[in-house]
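Hello,

Here is the structure I promised to pass on to you. Please open it alongside this email, and my notes on what turned up follow below.

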Amino acid sequence: MWSRDFLFGAATAAYQIEGAVHADGRHPSIWDAFCLVPGTVHNGDSGEVACDHYNRWETDLQLLVDLGFDAYRFSVSWTRVMNVDGTPNHRGLDFYKRLIEQLERRGLQRFLTLYHWDLPQHLQDRGGWLSRDTSFRFAEYADLLSRELTGGVNAWTTLNEPYCSAYLGHATGRHAPGMKCVQYAVDAMHHLLLGHGVASAAIRANDKAPIGLVSNVNAVVPKSNSAADAHAATLAYAHANTWVLDPLLLGTYPAELKELWPGVAAPVRAGDMAAIATRMDYLGINYYFRAQVQADAAAGYVEVPMDGVEHTQMGWVVYPAGLRDLLTEFKHRYPGLPPIYITENGMASDDKVVDGRVGDEQRLRYLNSHIAAVDQAMRSGVQVKGYFAWSLLDNFEWSYGYEKRFGVVHVDYATQRRTPKDSALAMKAFLERRRRGA
Ligand code: FCB
């Protein structure tokens with residue numbers, strides 16, 4: 001049985017839901033700029049309107065309450081709360097203050113992410129995460145936010161998924177700022193992680209709530225039993241998982257990266273690794289799928305499709321045991337592993353409202369099986385303190401635009417009507433049973 005201390009929540013991110021990109025002094029982020037580049041985002045979509053959450057936040061908060069969640073994970077738009085000259089923008093800050101105050105009043109815990117990929121464009125113009133200076137600009141933002149919001153937040157997250165910011169943003173070009181160079185990705189990763197370190201110190205000076213970072217992790221399986229494919233899998237595992245986790249929890253980059261990217265090295269200066277490996281009060285884990293890989297002479301490894309297994313609308317392989325296995329592997333690899341929150345887990349499906357209902361039974365199975373996998377990991381000794389479904393709402397799914405629906409609540413973008421899907425109603429029933437101790 002799930003104890004009342006274990007938090008069940010739902011997650012969102014600012015640019016994916018808020019819209020109102022010009023309201024109250026908000027200035028552009030790299031995602032506003034990226035969406036304007038033809039061919040970057042499916043259907044030419046952008047976050048300009050999204051779920052209009054900036055204006056409808058009270059409705060969305062009521063959904064969280066009605067569905068019975070214990071906690072809400074959301075992110076702050078840096079460009080709403082801090083002016084270009086570094087001074088606070090109180091109109092933007094007030095939005096988050098009101099949200100936090102009302103969440104608290106309704107008994108929901110607040111998990112606040114500072115950076116869910118929306119770097120101010122004016123910092124990008126000065127080099128973005130390729131510039132070491134951005135780490136310190138990030139710490140200034142963290143300082144501002146933790147002073148302004150002190151006492152209102154239950155857990156601070158510095159960065160969401162630095163892998164995506166660094167690699168998808170700077171090596172594959174699929175995400176903002178759309179660059180395509182591995183050395184850039186490695187530089188960006190280092191400055192993101194350094195930013196986490198210096199921002200953590202800034203927050204700690206202002207507020208007592210736990211501080212952590214959220215990383216996405218993948219299960220990896222080799223295509224064959226060959227030694228070459230097994231080795232390819234270790235390279236893929238390092239790329240996807242330990243590139244972020246080793247510096248944070250061991251203070252070093254994994255050795256496999258040298259083999260994966262010969263001649264490419266992170267711009268490490270004296271003291272950086274200690275700053276990056278600063279104490280984390282918790283680790284946030286986002287888990288979605290398992291990847292199958294095989295050896296590749298040029299790239300070290302390549303991902304290959306898996307047949308005969310369940311996929312989601314994203315083409316991602318459904319593999320709940322991977323979440324259990326990764327958690328137990330991390331417990332062994334990292335002696336100082338802090339408590340874990342599953343900060344995102346969920347899937348996209350082509351959901352439609354029919355007679356007022358959304359029958360998303362694949363999602364329901366997906367969520368149940370992954371929650372069961374978390375339970376198994378806990379039984380084998382991993383400390384997990386909460387689970388957040390991605391996402392509360394259908395929303396702007398980055399380069400996929402609005403086509404991919406991850407919400408437990410359906411959003412009709414033409415009318416902005418919200419309809420809880422069957423998965424949300426099942427979650428609500430489950431949380432009610434838990435509350436009654438049944
Ligand atoms: C994660 C992101 C989140 C969402 C989900 C599907 O990588 O953190 O914003 O896009 O994937």
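In which loop does Pro177 lie? Pro177 belongs to the loop between helix 8 and helix 9 (182-206). Before going further, please keep in mind that this is a predicted model.

**Unusual backbone spots**

Pro177 is a good place to begin, since a cis peptide bond links Ala176 to Pro177, with omega about 5°. A second cis bond runs from Trp390 to Ser391, and its omega is near 10°. Ser391 is placed in the loop between strand 9 (384-390) and strand 10 (409-412). One more residue to look at is Ala50, in the loop between helix 2 and helix 3 (53-67). Ala50 is not a glycine, yet its phi is positive, near 50°. As background, most peptide bonds are trans, and most residues other than glycine have a negative phi.

**The ligand and its surroundings**

Trp390, from the second cis bond, also appears in the shell around the ligand. The other residues there are Gln16, His116, Trp117, Asn160, Glu161, Tyr288, Glu344, Glu397, Trp398 and Phe406. Sorted by class, this shell holds five nonpolar, three polar and three charged residues.

Which side chains place a polar atom by an oxygen atom of the ligand? Gln16 does so, with a polar side-chain atom 2.7 Å from a ligand oxygen. In Glu344, a polar side-chain atom is 2.9 Å from an oxygen atom of the ligand. For Asn160, an N or O atom of the side chain is 3.0 Å from an oxygen atom of the ligand. On its own the ligand has 290 Å² of accessible area, and the protein covers 95% of that.

**The largest pocket**

The space that the ligand takes up is the largest pocket. This pocket contains about 1,100 Å³ of space. Its lining is made of 49 residues, and those closest to the centre of the pocket are Tyr163, Leu168, Asn218, Phe289 and Trp316. Two or more lining residues come from each of helix 8, strand 5 (211-222), helix 10 (227-249), strand 6 (282-296) and strand 7 (300-303). Which of these elements gives the largest share? That is strand 6, with eight residues. By class, the pocket lining counts 30 nonpolar, 13 polar and six charged residues.

**The cavities**

Searching the whole structure turns up four cavities of 30 Å³ or more. The largest cavity has about 50 Å³ of space. Both residues of the first cis bond described above, Ala176 and Pro177, are in its lining. The lining of this cavity also includes Ile30, Trp31, Tyr115, Trp117, Trp129, Cys164, Ser165, His170 and His175. Trp117 is worth a click, as it lines the largest cavity and is also one of the residues around the ligand.

Helix 2 (30-35) and helix 8 (162-170) each contribute at least two residues to the lining of the largest cavity. Helix 8 gives the most, with three residues, and helix 8 is also among the elements that line the largest pocket. How does the cavity lining divide by class? There are eight nonpolar and three polar residues, and no charged ones.

If you would like a path through the model, you could start at Gln16, Asn160 and Glu344 by the ligand, go on to helix 8, and end at the cis bond between Ala176 and Pro177.

Best wishes

Technical notes:
Residues numbered from 1 in each chain as written. Predicted model: local features only at pLDDT ≥ 70, side-chain atom pairs only at ≥ 80, totals over all residues. Heavy atoms only, no water. Near = heavy atom within 4 Å. Polar contact = N/O pair within 3.5 Å; in protein donor to acceptor, adjacent residues only side chain to side chain. Areas by Shrake-Rupley, 256 points an atom, 1.4 Å probe, with all protein chains shown as cover. 1 Å grid on protein atoms, 1.4 Å probe; cavity = no way out; pocket = protein on both sides within 12 Å on 5 of 7 lines; lining within 4 Å. Sits in = over half its atoms within 2 Å of the grid points. Nonpolar A, V, L, I, M, F, W, Y, C, P; charged D, E, K, R; others polar. Points joined across faces, edges and corners; volume = space filled by probe spheres on them. Helix = DSSP H or I, 4+ residues; strand = E, 2+ residues; numbered from the N terminus.
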